[in-house]
Amino acid sequence: MPVGTYGAIKTRKLSEQSWEAFARYRSHDGSLVPVKRRDRTKNKAENRLRDALKEATENMLKTEIKPTTRITAIAELWYTEIQREATLGDRSPETVRLYRSYLDNWILPYVGQLRAVELTVSVCDRTVKRAQDKKSYDTAKTVRAALSGMCGYAVRHGALTTNPVRSIGRLVRGEQKEVRALTADQRSDLLAKLEALGAKRAVDARGRSLGPRARIWSDLPDLVRAMLSTGARIGEVLAFTGAEFDADGPTIAVDYHIIRVQGAGLVRRKLRKGNQGGLLLRVPTWSVPMLSRRAAAAGDEGPLFPSARGGWLDPSNVINRISEAFDECGYGWVTSHVFRKTVATVLDEAGLPVGDVADQLGNTRKIAEKHYIARKVANKHAANALEDIIESDS
């Protein structure tokens, strides 16, 4: 018998009020499994058995895909697989959430009703380029990754012979944004304005203290200092507890990051963003008093930057508060990531090798050079030599 089918149905009378119907069903692993159902009459027992066999076949078909299976069904099976990987710790829940969004908004609306065999290279190419034309290069890059993962699943399960995404055209980024970092004067000015803003937001319109509800505003200057002293991402800084800071070093361990997981809320996840390994960073002496004060208040298990209720802060909410505060301070162009770029730029200007800058950020040399270090004057010494190339009229 082929997998998913069953043999002849047989019945037997057990008593005046009980009949049993049974058959052998060939399951997904090829084994023959006896299936039995009972009822008060022969016909009812047979009908119950047929319903059970039909349900078993339908459940098996849900996980079986063919060249004629629609992309919508394949996408759901692939998404279930990456959810399982996230549960096992092999993939970030944030990545899974991101892929769900891109499936729903950029992939399935355009190719969902196609069958697997109809998902050609040209269809995939148009889908990715549509995302870039309508949104951005980064959106198209993620669409391509999600589409490739789904097609890879289809290849592994026999619905496709090759992954068409591997043959699509190269994405062209276009003009790349210039890396922008805060200067020394801007850093001092921003911190002073954040301190003033924190004091202002600590009370309501009638001058009454808001207490813990205003904690995020008064904590913003220290949060900026923590990012400038480490170069860590906002989600990694918000995961700091008293246990990560060692005043004797002075060092701080960047071993966790905070994410929001559907159904579980905020989770302090092991490793850094992107499942990258942890870092042990020596911090500058000017940051030690602030970190020591916060570590003492937090204890070994409490967050250095707690919420109003003493728990973890949501990175998305903090980013919104940062945007609001920086707009009010006249630094609307600054995001939380600018501090990471500022750290890289300051280290580069100090003459540190690119490898040392990359080590501080926990990135590769290529990524550090391309995305984090602001452009600097390349010909200072040459310009001095060129001073006498033409005689001055003055």
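Two strands pair if DSSP finds at least two bridges between them. Helices (H or I, at least four residues) and strands (E, at least two) are DSSP runs, numbered from the N terminus. Keep both terms at hand for the tour.

**Before you start**

This is a predicted model: local features need pLDDT of at least 70, side-chain atom pairs count only at pLDDT 80 or more, and totals for chains, interfaces and linings use all residues. Residues are numbered from 1 along each chain as its sequence is written, and side-chain values use heavy atoms, with hydrogens and water left out.

**Stop 1: the whole protein**

Show everything as a cartoon. There are 14 helices and 8 strands. Of the 394 residues, 41% are buried. Buried means under 20% relative accessible area, exposed means over 50%, and partly exposed is in between (1.4 Å probe, protein chains only). Now switch to a surface. The protein exposes about 22600 Å², and carbon and sulfur atoms supply 49% of it. These areas come from the Shrake-Rupley method with a 1.4 Å probe; for residues, only the protein chains shown count as cover.

Next, consider contacts, meaning heavy atoms within 4.5 Å. Among contacts with a separation of 6 or more, 60% are between residues 24 or more positions apart.

**Stop 2: a sheet of 3 strands**

Select 245–246, strand 4. Add 251–254, strand 5. Then add 279–282, strand 8. Together they form an open sheet in the order 4-5-8, with antiparallel pairing. Strands 4 and 8 are the edges, and each pairs on one side only. Strands 5 and 8 pair over 4 bridges. Zoom in on Thr-251. Opposite it, in strand 8, stands Arg-282.

**Stop 3: the cysteines**

How many disulfides does the structure hold? The count is 0. The cut-off is a pair of cysteine sulfur atoms within 2.5 Å. Select Cys-124 and Cys-151. The sulfur of Cys-151 is the nearest cysteine sulfur to Cys-124, at 4.6 Å, and Cys-124 is in no disulfide. Cys-124 is buried, because its relative accessibility is 0%. Move on to Cys-329. This residue also counts as buried, at 7% relative accessibility.

**Stop 4: salt bridges**

A salt bridge is a side-chain nitrogen of Lys or Arg within 4 Å of a carboxyl oxygen of Asp or Glu. The whole structure has 24 of them. Visit three.

- Select Asp-222 and Arg-294. Their side chains meet in a salt bridge at 3.1 Å, N to O. Asp-222 lies in helix 7 (215–230) and Arg-294 in helix 9 (288–298), so the pair ties together parts 72 residues apart in sequence. Both residues are buried.
- Select Arg-233 and Glu-236. This salt bridge is 2.8 Å, N to O. Both of its residues, Arg-233 and Glu-236, are buried.
- Select Arg-260 and Asp-314. Their closest N and O atoms are 2.8 Å apart. Arg-260 sits in strand 6 (256–261), and Asp-314 in the loop between helix 9 and helix 10 (315–328), 54 residues away. Is Asp-314 buried or exposed? Asp-314 is buried, with a relative accessible area of 10%. Arg-260 is partly exposed, at 45%.

Return to Asp-222 and widen the selection. A network of salt bridges links Glu-195, Asp-219, Asp-222, Arg-225, Arg-293 and Arg-294.

**Stop 5: helix 12**

Select 354–361. Why is helix 12 largely enclosed by the rest of the structure? Because 6 of its 8 residues are buried. Color Val-354, Gly-355, Val-357, Ala-358, Gln-360 and Leu-361, the buried residues of helix 12. End at Gly-362, just after the helix, where phi is positive at about 75°.
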